[in-house]
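Welcome! Have the structure open beside you and work through the exercises at your own pace.

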Amino acid sequence: MVVQKSVVQSRVFGQLEVNEENIITFEEGIPAFENLKKFVIVKEEDSPFLWLQSIEDKDIAFVIINPFDIKPDYEFDIGEEVLKKLEIESERDVAVFCIVVIPEDVRQTRVNLKAPVIINVNKRKGMQYLLDDERYPLRYYLFENSNSNVQK
């Protein structure tokens with residue numbers, strides 16, 4: 001089996017060599033970036049954070065994290081429409097990430113628990129999904145000495 005590779009430019013990482021099979025398609029894009037459909041997850045050693053790098057725009061890369069690493073009781077139901085769009089057949093197909101905002105004052109680092117990124121790891125399809133669940137804020141602060149974790 002021959003693995004197709006592409007070279008992708010990234011503002012954060014410079015040149016990246018990406019296996020075609022690792023490209024994730026977001027058919028609807030990501031809110032505010034609907035024109036970008038193809039992304040790849042980039043891991044850095046010794047970091048809980050990953051990057052969701054656009055392969056179409058070198059300047060667009062989102063910091064993401066596994067929400068279960070910061071909030072073990074995080075849970076939600078994926079709607080039937082999403083299951084169909086992403087062709088999810090079982091829990092084993094699913095990876096969940098949340099977008100992280102790291103401002104200049106890193107103590108204000110926050111995670112968007114309200115709109116997780118859901119990926120079918122087998123079909124390489126993804127989407128950002130807005131939860132209708134008041135338990136999870138748009139801005140969940142990672143550091144306890146920051147603002148309360150109930151801000152929306």
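Three short exercises follow, each with a worked solution.

The model is predicted, so local features need pLDDT of at least 70 and side-chain atom pairs count only at pLDDT 80 or more, while totals for chains, interfaces and linings use all residues. Residues are numbered from 1 along each chain as its sequence is written, and side-chain values use heavy atoms, with hydrogens and water left out.

**Exercise 1.** Find the residues with the most contacts inside the largest nonpolar core.

*Solution.* Start with the term: a nonpolar core is a set of buried Ala, Val, Leu, Ile, Met, Phe, Trp, Tyr and Cys residues joined through side-chain atoms within 4.5 Å. Buried means under 20% relative accessible area, exposed over 50%, and partly exposed in between (1.4 Å probe, protein chains only). The largest core has 26 residues, and Y74, F76 and L113 have the most contacts inside it. Next, look at the strands (DSSP runs of E, at least two residues; helices are runs of H or I, at least four; both are numbered from the N terminus). β2, β4, β6 and β7 each supply at least two residues of this core. A second, separate core of 15 residues includes I30, L50, I64 and A95.

**Exercise 2.** Describe how the rings of F39 and F62 are paired.

*Solution.* Rings of Phe, Tyr and Trp (its six-membered ring) pair if their centres lie within 6.5 Å; planes under 30 degrees apart count as stacked, over 60 as edge-to-face and the rest as tilted. For F39 and F62 the centres are 6.3 Å apart and the planes 40° apart, which makes the pair tilted. Now locate the partners: F39 is in strand β4 and F62 in strand β6, 23 residues apart. Finally, check burial: F39 is buried at 0% relative accessibility, and F62 is buried at 12%.

**Exercise 3.** Explain where the salt bridge between E87 and K123 sits in the chain.

*Solution.* A salt bridge is a side-chain nitrogen of Lys or Arg within 4 Å of a carboxyl oxygen of Asp or Glu. For E87 and K123 the N to O distance is 3.5 Å. E87 lies in the loop between α2 and β7, and K123 in the loop between β9 and β10, so this pair ties together parts 36 residues apart in sequence. E87 is partly exposed at 33% relative accessible area, and K123 is partly exposed at 42%. To finish, widen the view: E27, E87, K123 and K125 are linked in a network of salt bridges.
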